[in-house]
Amino acid sequence: MDDLSSKKCVPCNSKDMQPMTEQAANELIPQVAGWSLVNEGGIFKLNRSWKVKSFTKGLELFKLIADVAEAEAHHPDLHLVGWNNVTIEIWTHAVGGLTENDFILAAKINGLDLQHLLRRKAAA
Ligand SMILES: C[C@H](O)[C@H](O)[C@H]1CNC2=NC(N)=NC(=O)C2=N1
């Protein structure tokens, strides 16, 4: 099985790009530990939440993720709510659903060392 985190995202502007099926997404999800598949109004997305130590640690987390996103030219939706709850959603806007790019980005985010930013309790 190819390691998703060693792959590169491809540009999302190709006319032939299609969202993957729910079944294909369910087959890939075990490769991105901690991420859930969610269906928001018919659009499948990857979703993961963390509790951070402080508001500014949340912004630091965003910056680490932003650096990965910029390197891949593939960008997540960032949420920081209730001062210490970070949720990241990943989907491919151009196709209105999931592509392998989303799983690659999630796998690369999973490769970041975030421990110093997270609350010790319920840091998952
Ligand atoms: C050409 C380039 O890949 C596109 O403009 C990218 C930029 N980042 C993106 N990120 C995400 N998540 N979805 C997109 O469709 C998208 N489009």
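Does L37 count as buried, exposed or partly exposed, and with how many C-beta neighbours inside 10 Å? The legends below refer to a predicted model.

**View 1. Surroundings of L37 in strand β1.**
L37 is found in strand β1. It counts as partly exposed because it has 15 C-beta neighbours inside 10 Å, whereas a buried residue would need 20 or more and an exposed one 12 or fewer. Leaving aside its neighbours within four places in sequence, L37 is in contact with A25, N26, I29, F44 and L46. L37 and I90 are 53 residues apart in sequence, and their C-alpha atoms are 9.8 Å apart in space.

**View 2. The open sheet of 4 strands.**
The strands follow the order β1-β2-β4-β3, and their pairing is antiparallel. The edges are formed by β1 (36-40) and β3 (77-81); each has a single partner strand, so one side of each is left without a neighbour in the sheet. On average, neighbouring strands of this sheet are turned by 30 degrees against each other, direction ignored.

**View 3. Pairing of strands β2 and β4.**
Strands of a sheet pair through backbone hydrogen bonds, either parallel or antiparallel. Here β2 (residues 43-51) and β4 (residues 85-90) pair in the antiparallel sense over 6 bridges. S49 stands opposite T87 in β4.

**View 4. Helices α2 and α3 packed on the sheet.**
Helix α2 (residues 55-72) touches β2, β3 and β4, and its direction makes about 20 degrees with that of β4. Helix α3 (residues 100-110) also packs on the sheet, touching β2 and β4. The direction of α3 makes about 145 degrees with that of β4.

**View 5. The covering of helix α3.**
Helix α3 is mostly covered, with 8 of its 11 residues buried. The buried residues are N101, D102, F103, I104, L105, A106, K108 and I109. What covers these residues of α3 includes α1 (22-28) and α2, together with strands β2 and β4.

**View 6. The shell of residues around the ligand.**
P11, C12 and N13 belong to the surroundings of the ligand, as do A73, H74 and H75. The ligand is also surrounded by T92, H93 and A94. Sorted by type, the residues of this shell divide into 4 nonpolar and 5 polar, with no charged residue.

Technical notes: Residues numbered from 1 in each chain as written. Predicted model: local features only at pLDDT ≥ 70, side-chain atom pairs only at ≥ 80, totals over all residues. Pairing = 2+ DSSP bridges. Helix = DSSP H or I, 4+ residues; strand = E, 2+ residues; numbered from the N terminus. Axes fitted to C-alpha atoms, helices over the stretch in contact; angles between N-to-C directions. Contact = placed C-beta atoms within 7 Å. Near = placed C-beta within 6 Å. Nonpolar A, V, L, I, M, F, W, Y, C, P; charged D, E, K, R; others polar.
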